[in-house]
Protein chains: 2
Amino acid sequence: MATQPEISDDCTDLVHDLARDARSAQRVLARMSDAEKADALRAAAAALRAEAPKILEENRKDIAAGESNGLSSAMLDRLKLDEDRLEGIASAVESVAGLADPVGQVIDQSTAPTGLKLQRIRIPIGVIGIIYESRPNVTADAASLCVRSGNATILRGGSEAVHSNRAIHAAMVKGLSSKGVPEAAVQLMPTQDRAAVGAMLKASGLIDMIVPRGGKGLVARVQNDARVPVLAHLDGINHTYIHDKADLDMARAIALNAKMRRTGVCGAMETLLIDAKFPAGEKVVAALLDAGCEVRGDSRARSLDKRIGMAGANDWDTEYLEAVVSVAIVDGMEAALEHIARHSSGHTDAIVTADDDAAERFLTEVDSAIVMRNASSQFADGGEFGLGAEIGIATGRIHARGPVALEGLTTYKWQVRGEGQTRP
Amino acid sequence: MATQPEISDDCTDLVHDLARDARSAQRVLARMSDAEKADALRAAAAALRAEAPKILEENRKDIAAGESNGLSSAMLDRLKLDEDRLEGIASAVESVAGLADPVGQVIDQSTAPTGLKLQRIRIPIGVIGIIYESRPNVTADAASLCVRSGNATILRGGSEAVHSNRAIHAAMVKGLSSKGVPEAAVQLMPTQDRAAVGAMLKASGLIDMIVPRGGKGLVARVQNDARVPVLAHLDGINHTYIHDKADLDMARAIALNAKMRRTGVCGAMETLLIDAKFPAGEKVVAALLDAGCEVRGDSRARSLDKRIGMAGANDWDTEYLEAVVSVAIVDGMEAALEHIARHSSGHTDAIVTADDDAAERFLTEVDSAIVMRNASSQFADGGEFGLGAEIGIATGRIHARGPVALEGLTTYKWQVRGEGQTRP
């Protein structure tokens, strides 16, 4: 990891001031009703539409700067807004407005022998820091999920999108504040000084959770430096295990879809495990090869097809995010579980099998955030899971796992109602 | 914070080896049924009883060392075991055996429009590190809660209790392993080298969560140095707000109990807020003073009784844990909420009032892990909340808050059952 810039007192003071303002604003937001928050988000969507010419003008500045700084065409494409994309951003804000508000839900309740009435109820986490890279839509997405769940947010986007982010943020705040959301409830870091990111990561007690959204380098830096809890989205080294009792057509269709539907998404399959007793491994592999996928295999897998290259030791721990897959032959369930336990990144692992017992064992013993039977790992997505939206896929082990939407942005408190009880 | 010892490669290797063994053992534990885990814990309790002479003998070594090292009598008392205390430890292990197993519970389920069947089910977190100080009962308490919830654990107790911890650990493992729990599922750090603690805190991906149990210095060090999620138990700066509509007798009884029942527990009241319109503040304060409590007030509170001393600025942020209380007069609900938002440590805050609207506003707006109406804050306890046991009270904002028992030692995964679906 590169040496980090010194965190100046100025930066620390700035971040602490932002966070304190955010905390006060969050207390106002926490008092707003479900309908008021939804209404404010609809006003934010309307403001994004009304400010479209301005936002697109500012976006052109980022594009021009990106071109002169030699950004890759893929980066420029991520950065670029047009009327359609902006409309997509505005309607995404509206769909978040339409989601059910988790705040105030009673998780469970009981009456203690003392007569005390106990309830656990969902509340916002508080102040959430979002640290992200080039896509300017994150500004609106993350802000709207936070507002919907009653959280204040401090957004820190990438330098390459600074003009777009400012324009989107300004429009959002204009709409939100017209409906009573305090301006400080959605803040955009006013400086691109990287030391301010460091100060955010260390603002324990002032910022309650950090969500990094971006490449592996960003996430790793955040995880390493943070003194604030991190909702982590790391890589997706996802396995599909073709069990010996798998149906060939199903296995082939799932493997092809899991790898090739979109190779750049975190739910894409990166390793295919074929049971040594599965009779038609060569047909599954041929389908991948024929679709233009590079296949790297262990020595047994290579005997399935001449076009298969040799997998190196690193391949089993590599998230390709392109049309490349590693393939290993495994001797039964135990070996498959062992391979997955060692190499999975804990994102999404799947089995294809017609055998119920084998399926249940796999679903029980594989420890990943998402475990699937007879389905493509590319379904790993908040929308497909019925969550309506997602702030990301969490691969950590506590708080929230898999697709994280509004519930993952909440916590709970215990409400205790007594009638004067004192403890003996 | 004192300079920390260098973490040698040896220490890091040791901790990584322990954690990898723990991970393998945890996979075995995860496959054990509810009844098998309960049975193993009963065997551990029996082994603690059978090994009592040995454990007490080892404990005498710690006591002798403590005496010659000049430990305070309070420290020696925490350290000391006798037959009654050991029987208490063994029966506590048995009660954990009797608790409901959270593992495998279905949190929620749905069917997506694609026909995919989604379930979120509770699973163990994995490998949990417990870092604690002098009380040797933590060795058995923490280990049994972890085993009950299917987690492997690495225990690192204080040097002053090293012989007692080893003897308790050996007995526990003897009992557990007689019923199929792998020995590595409950490990005691084999060295007292403090660098091993540092290596635990940095074992990201190998240890899944750290639970520090001890004084503020220990918890602060852990929070500052950890790269692993921490279930944090910090201080309890707890407020009781006597609203103007409070019943005098109830207010007096609750204030007295909240402060004086046991002054050293984290649920004890540390600050009393009296509404300026409450007509009998002097009677509540007099009850505290008459019971031998030192009272430190702001200038308005001091007018209630001549015996009240002057509170300094630090008093509002002090957890006394003794017979001292700070008292402030507040002008209504808004001022009380403001004081609590600024000074509460987020543990337990209470209101005494006969007014339902005021009570509900307080329970909604105070953001602490536990908020109470008309009850003593000393009820803040896993046993009183019906959880059967607790690994501690968490004052952080994510994952688990308030009294944390078995559920707080679990997480969830998504199980997805399909029939060959591929994503369009």
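**Note on the two-chain model**

1. A:Glu87 and A:Arg49 form a salt bridge in which the closest N and O atoms lie 2.8 Å apart. This pair links distant parts of the chain, since A:Glu87 belongs to helix H5 (residues 83-97) of chain A and A:Arg49 to helix H2 (residues 34-50) of chain A, with their positions 38 residues apart in the numbering. The model is a predicted one, and over all its chains the count of salt bridges comes to 67.

2. On the relation between the copies, chain B can be laid on chain A with an RMSD of 0.0 Å by a turn of 180° combined with a shift of 0.0 Å along the axis. The two copies are therefore related as by a two-fold rotation axis. Within chain B, the C-alpha nearest that axis belongs to B:His399, at 2.0 Å from it. The same surface serves both copies, in that 100% of the contact residues of chain B recur in chain A.

3. As to the extent of the contact, chain B contributes 68 residues and chain A contributes 68 residues, and the area buried between chain B and chain A is about 6,000 Å², with carbon and sulfur atoms giving 49% of it. Of the area that chain B buries against chain A, 14% is supplied by B:Ile398, B:Trp414 and B:Arg423, which is more than any other three residues supply.

4. Turning to the polar side of the interface, twelve salt bridges are found across the interface of chain B and chain A; one of the salt bridges in the model joins the side chains of B:Glu365 and A:Arg31, at 3.0 Å from N to O. Polar contacts between chain B and chain A amount to 54 residue pairs, counted where both residues have pLDDT 80 or more. On the side of chain B that touches chain A, strand E16 (residues 410-421) of chain B gives the most, with eleven residues. The residues of that side of chain B divide into 30 nonpolar, 18 polar and 20 charged.

5. A last point concerns strand pairing between the chains, where strand E16 (residues 410-421) of chain A and strand E13 (residues 370-375) of chain B run parallel and are joined by five bridges. Within this pairing, A:Gln421 has B:Ala375 of E13(B) as its bridge partner.

Notes
Residues are numbered from 1 along each chain as its sequence is written. Chains are lettered from A and ligands numbered from 1 in the order in which they are written. This is a predicted model: local features need pLDDT of at least 70, side-chain atom pairs count only at pLDDT 80 or more; totals for chains, interfaces and linings use all residues. Side-chain values use heavy atoms; hydrogens and water are left out. Copies are superposed by least squares on the C-alpha atoms of residues with pLDDT of at least 70 in both. Contact means heavy atoms within 4.5 Å. Buried area is the accessible area (1.4 Å probe) that two parts lose on being put together, summed over both. A salt bridge is a side-chain nitrogen of Lys or Arg within 4 Å of a carboxyl oxygen of Asp or Glu. A polar contact is a pair of N or O atoms within 3.5 Å; within protein, one must be able to donate a hydrogen and the other to accept it, and residues adjacent in sequence count only if both atoms are side-chain atoms. Helices (H or I, at least four residues) and strands (E, at least two) are DSSP runs, numbered from the N terminus. Ala, Val, Leu, Ile, Met, Phe, Trp, Tyr, Cys and Pro count as nonpolar, Asp, Glu, Lys and Arg as charged, and the others, Gly among them, as polar. Two strands pair if DSSP finds at least two bridges between them.
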